[in-house]
Amino acid sequence: MKKFINDPDAVVREALAGMAAAHPELRVDLDEQIIVRADAPRPGKVGLVSGGGSGHEPLHGGFVGLGMLDAACPGEIFTSPVPDQILAATRAVDGGAGVLHIVKNYTGDVMNFEMAAEDAETPIESVLVDDDVAVDGSTWTAGRRGTGATLLVEKIAGALAEQGAALAEVAAVARDVNERSASFAIALTAGTTPAAGKPGFDLPEDEIEVGVGIHGEPGRAREQLRPARDLAARIVEPILTAKPLAPGSEVIVLVNGLGGTPLLELYLMFSEVSRLLADAGVRVARSLVGNYVTSLDMAGMSLTVCRADERILRLWDAPVRTPGLRWGA
């Protein structure tokens with residue numbers, strides 16, 4: 001293992017210290033291990049809080065700022081944040097209008113956000129993100145996992161909250177975006193956690209993991225490596241099966257790298273995906289290509305497709321200014 005680390009047990013805390021130094025527009029509390037907008041709480045504004053294990057950067061801390069999250073709670077590598085973290089973040093962004101918790105569908109995340117919500121002194125709405133159509137529940141999952149659509153939920157709900165919408169309305173649009181979205185991932189290699197010092201699973205040079213999770217959880221199958229055009233078809237088919245799109249539909253498409261895939265390859269895959277969607281009569285109205293919801297240094301990619309309408313696109317286009325996403329501001 002070759003990594004830029006000092007101590008595997010301190011890597012998250014030291015990375016947060018670096019984030020604080022790089023982004024003075026954020027407040028990074030190293031004791032509570034939370035990242036908060038410098039101007040939070042905003043009186044009368046619904047606060048948005050999300051979080052999960054570290055190792056998925058820029059998710060979630062990189063999406064704190066204008067037009068997205070008000071706070072994020074990074075747990076240890078691939079480990080859920082604890083209830084005290086989540087509660088501290090909730091209190092830090094409570095401007096009197098309530099707080100929305102955006103929770104990826106993993107057992108630890110769900111349990112710890114629920115415990116924090118029970119102790120909160122402000123109205124809480126929780127939205128579960130479960131967009132991964134590679135699985136519906138198995139030994140490894142409790143239903144569909146939360147993956148790439150988390151970014152879309154945070155961006156679109158964050159835009160509405162920035163405009164002053166009430167908590168119920170912000171929660172409703174977050175749930176709507178999740179329901180409109182489907183994701184599917186393929187891994188070429190496993191990621192390596194600093195503590196383990198070796199890849200999370202063995203994958204022969206000529207094989208891929210189809211439907212992999214962002215923590216290295218197994219997916220649907222292990223298959224032979226094939227040309228990009230065939231892999232794109234392998235990803236698009238289950239998405240369109242799970243969430244059918246009528247000809248003429250408009251979509252937001254996220255081609256997301258899992259941490260170790262060059263942009264050259266991600267853009268190539270976007271070309272193949274957009275061709276397949278066009279063949280199905282679906283128009284890509286907005287797109288995003290890059291590393292946004294990663295799995296440390298895993299080579300691979302995920303595809304997220306969200307059925308859009310005029311309101312969804314307007315909120316997507318609204319100004320955003322975070323370390324990981326910015327436009328229009």
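This passage describes the nonpolar cores, the aromatic pair, the cavity and the pockets of a predicted model. Local features were accepted at pLDDT of at least 70 and side-chain atom pairs only at pLDDT 80 or more, whereas totals for chains, interfaces and linings use all residues. Residues are numbered from 1 along each chain as its sequence is written, and side-chain values use heavy atoms, with hydrogens and water left out.

The largest nonpolar core (a set of buried Ala, Val, Leu, Ile, Met, Phe, Trp, Tyr and Cys residues joined through side-chain atoms within 4.5 Å) comprises 52 residues, and the members that touch the most others are L48, L100, V170 and I252. Burial here denotes a relative accessible area under 20%, exposure one over 50%, and partial exposure the range in between, with a 1.4 Å probe and protein chains only. Helix α4 (residues 149-162) makes the greatest contribution to this core, with nine residues; helices (H or I, at least four residues) and strands (E, at least two) are DSSP runs numbered from the N terminus. A second, separate core holds 27 residues, among them A134, V255, M269 and L276. When neighbours within four places in sequence are set aside, I252 is in contact (heavy atoms within 4.5 Å) with L152, I156, R286, T304, V305, C306, A308, I312, L313 and W316.

W316, one of these contacts of I252, also belongs to an aromatic pair. A search of the whole structure finds one such pair, where rings of Phe, Tyr and Trp (its six-membered ring) are paired if their centres lie within 6.5 Å, and where planes under 30 degrees apart count as stacked, over 60 as edge-to-face and the rest as tilted. The rings of W316 and W327 have centres 5.3 Å apart and planes at 50 degrees, and the pair is therefore tilted. Because W316 lies in helix α8 (residues 310-317) and W327 in strand β14 (residues 326-327), the pair ties together parts that are 11 residues apart in sequence. W316 is buried, with a relative accessible area of 3%, whereas W327 is partly exposed at 25% relative accessibility.

Internal and open spaces were sought on a 1 Å grid over the protein atoms alone: a cavity is a set of points where a 1.4 Å probe fits but cannot get out, a pocket is an open set with protein on both sides within 12 Å along at least five of seven lines, and lining residues have an atom within 4 Å of a point. Grid points are joined across faces, edges and corners, and a volume is the space filled by probe spheres set on the points. One cavity of 30 Å³ or more is present, and the largest cavity holds about 40 Å³ of space. D132, T147, S183, F184, A185, V212, G213, I214 and S302 line this cavity, with strand β7 (residues 181-187) supplying the largest share, three residues.

The largest pocket contains about 500 Å³ of space, and of its 27 lining residues A15, S54, G55, E57 and I77 are the closest to its centre. Two or more lining residues come from each of α1 (11-22), β3 (47-54) and β4 (71-77), and α1 gives the most, with five. The second largest pocket contains about 200 Å³ and is lined by 15 residues, of which L188, L231, E265, M269 and M301 lie nearest its centre. Of these, M269 is also a member of the second core. The elements giving two or more residues to this second lining are α6 (228-242), α7 (263-279) and β12 (300-307), with α7 giving the most, four residues.
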